[in-house]
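This report covers internal spaces and a surface patch. Have the sequence and the model open as you read.

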Amino acid sequence: MTLAIVLAADPAAGHLTERLAAQWRRAGADDVRIAADLAELADLVAGATGPVLVSGADLVAHTAVLRHLATSPVGPTVALVLTDPPAPGQATVREERGQVVEVGAADPSGVFGGALRVGAADLPALADAARRAGGGGPLGAVDRLVAGLAARGTLIFAHRVRLLVAHRVGDEAQRAAAESAVAAVDEDRAELKLSVKERDDFFTTFFVSTWSPYVTKAAARVGIGPTGVTMISVAFAVAAAVLFGTGGRPALVAGAVLLYLGFVLDCVDGQLARYTRHFSAWGGWLDTMADRFKEYVVYAGLGFGATHAGFRYGWALALAAMTLQTVRHMTDTWYGALHDEAARRPKVVTADAGGIGGKLNAASTRVQADTGSVSYWLKRTVVFPIGERWALIAIAAALFGPLVALVAVLVWGTLAFAYTGGLRTLRARWMRVPVMTTVDAGLHRDDGLLARTLPTARRPLLLAVLGALGAAGTLVWALLAVHGGGDLPVWVPVLALVLLLGAAQGSRSPHDGSLDWLVPAALRAAEYLFAIAVGVAGRAPAWLIFGYVLVLTLHHYDLTARLEKRQSAPPLHAATLGWPGRSLLLAIGLIAGYASIALATLGAYLLVVFVASVVLAWVVLPARARGGVRSPG
């Protein structure tokens, strides 16, 4: 149940109170109350069980602005931030990476818009802030409230207003001007435009978003939801993969067209969610998982097609592309977490501004601010985002075939990884933020029971890199041995396993180094390379090795999606055995001479656990919670 409170403690335009109350009802609030002061607001908050919406009585805005704030998916607690010049009594704010990092800032990036949504977990802080800020001060009541909330360490996200209108008014002339501005904007047309991301990549911006809103509008009219669009997008990608595997120019061209249309629908599902305001944790999770599944199925189709066309190592290229892209995504996720943490510690970030990291950070900020410039688009394109990847695959496959498409993806992906990895490493050393200390390192390392039973060792990044190098060395040795017609000596996988288990010893050590955000990616690389080495040494079919690694990537993307959405561990996470346990089982299978059986059995087991975990997390446990049955935990 969502409670909305209009705070009429010191309104400059008291006659707006009832209007705001009616707007909150239209915006989706289940119950709307008017509080005379902060003490009364604190009492109302104390009895709330769901999110609480709070606004002052001096706000003139489109109802859509309030609805967007109430349904914002960025975080549980969100504040409206305006670009208007601050008036007396209004709190200035400074934001970084979408987070309000300071209220009452001397160098503000905006002004508090007089409205916020507070998540259920932050309600005690809100009630306490209301009680302690009730004595008055230079700021207005709602501004004292958000300042007190920030002072208690609450993570507040910023909600900016685009295309729509929102202003805080202080007199009758300002009210009339704001209402006139509201009436001049077509609310529905603005909302459709807002469904498109404000900043996207080059290919998406100019070759998809120019017409995808029409598809979004049509889908909304016929009643197709974001999940339905996602499923159609998956079907298009699977069909494209089949056509790429079939070969022949007509099939390749048709596959390229379907891949492009599938990517358009991949953009439409998000646009539809924003347009209809149908956000859910399930939808966000599904979108992340579907994107990766679609891409990797296309790699499988290209690998099969290249092999079918006579190239011996088509599946190997597909495996390499999948492994590279997954490791890249792991670094992207953890660098984003690092940057978010750094944004909450501005004093650390601004230290040593003259160093190379500081100069790179300043240069990046300037380029990002210069939207539309050549340097801006080059920066967004060189990192090889998903739109550019799908465009490259479609064009290369249609014109030159699956082999060229895979090689192109690998070359550009490797260069992009080197570029982003090098720059981010320099900037991370400058920021000096121990990101891994703010999350459950054991969970997101995916260590499992075996790692927790091993002795603890320091330097988790060094151990992870050594494990990855050991796995890579084993793969190279296996390739050479198989190519020469021999077998892999038993001591090679045993040595690699020792290095891997050595990497697991860093599980419980503090991840407080400035580069420890690289640990999860290094561990993913270690496990994938070792699994591929086991498959190669055991002469397992290439498609079986690909399938096993694909299941691993689904498991790891599940963890990544949960980290990005701030969710807990999957229900059956312990049953996945952890990467050391899985690697140990594969090594035993290789030494016993049953590598293919080990890969097939363990892969099938992990797939069953993954599916069961998804059903439990998104169907069974939510149903029990709605029925009043306490979920196990």
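## Second largest cavity

H24 provides the largest share of the lining of the second largest cavity, with four residues. The model is a predicted one. Helix H13 (314–343), helix H23 (519–537) and H24 each supply at least two residues of this lining. The cavity holds about 60 Å³ of space.

Its lining is made up of Met330, Trp334, His444, Pro520, Arg524, His556, Leu559, Thr560 and Leu563. By class, five of these residues are nonpolar, three are polar and one is charged.

## Largest cavity

The structure has two cavities of 30 Å³ or more. The volume of the largest is about 70 Å³. Its walls come from His555, Asp558, Pro570, Leu572, His573, Thr576, Leu606, Val609, Phe610 and Ser613.

Two helices each give at least two residues to the lining of the largest cavity: H24 (542–564) and H26 (595–626). H26 contributes the most, with four residues. The lining of the largest cavity counts five nonpolar, four polar and one charged residues.

## Second largest pocket

The second largest pocket contains about 650 Å³ of space. It is lined by 21 residues, and those closest to its centre are Tyr313, Ala316, Leu479, Val536 and Ala542. Four elements give two or more residues to the lining of this pocket: H13, helix H21 (460–483), H23 and H24.

What classes of residue make up the lining of the second largest pocket? There are 15 nonpolar, four polar and two charged residues.

H24 appears in the lining of this pocket. H24 also supplies residues to the largest cavity and to the second largest cavity. H13 and H23 likewise serve both the second largest pocket and the second largest cavity.

## Nonpolar surface patch

A nonpolar patch of about 1100 Å² lies on the surface. Its members are Leu462, Val465, Leu466, Leu469, Trp477, Val490, Trp491, Val494, Leu495, Val498, Leu499 and Ile591. H21 and helix H22 (491–504) are the elements that give two or more residues to the patch. H21 also gives two or more residues to the lining of the second largest pocket.

Take Leu469, one of the patch residues. Leu469 sits in helix H21. Is Leu469 buried or exposed? Leu469 counts as exposed because its relative accessibility is 55%, and the cut-off for exposed is over 50%.

How values were computed:
Residues numbered from 1 in each chain as written. Predicted model: local features only at pLDDT ≥ 70, side-chain atom pairs only at ≥ 80, totals over all residues. Heavy atoms only, no water. 1 Å grid on protein atoms, 1.4 Å probe; cavity = no way out; pocket = protein on both sides within 12 Å on 5 of 7 lines; lining within 4 Å. Points joined across faces, edges and corners; volume = space filled by probe spheres on them. Nonpolar A, V, L, I, M, F, W, Y, C, P; charged D, E, K, R; others polar. Patch = residues over 30% accessible without salt bridge, like charges linked within 9 Å, V, L, I, M, F, W, Y side chains within 5 Å. Areas by Shrake-Rupley, 256 points an atom, 1.4 Å probe, with all protein chains shown as cover. Salt bridge = Lys/Arg side-chain N within 4 Å of Asp/Glu carboxyl O. Buried < 20%, exposed > 50% of the residue type's maximum accessible area, 1.4 Å probe, protein only.
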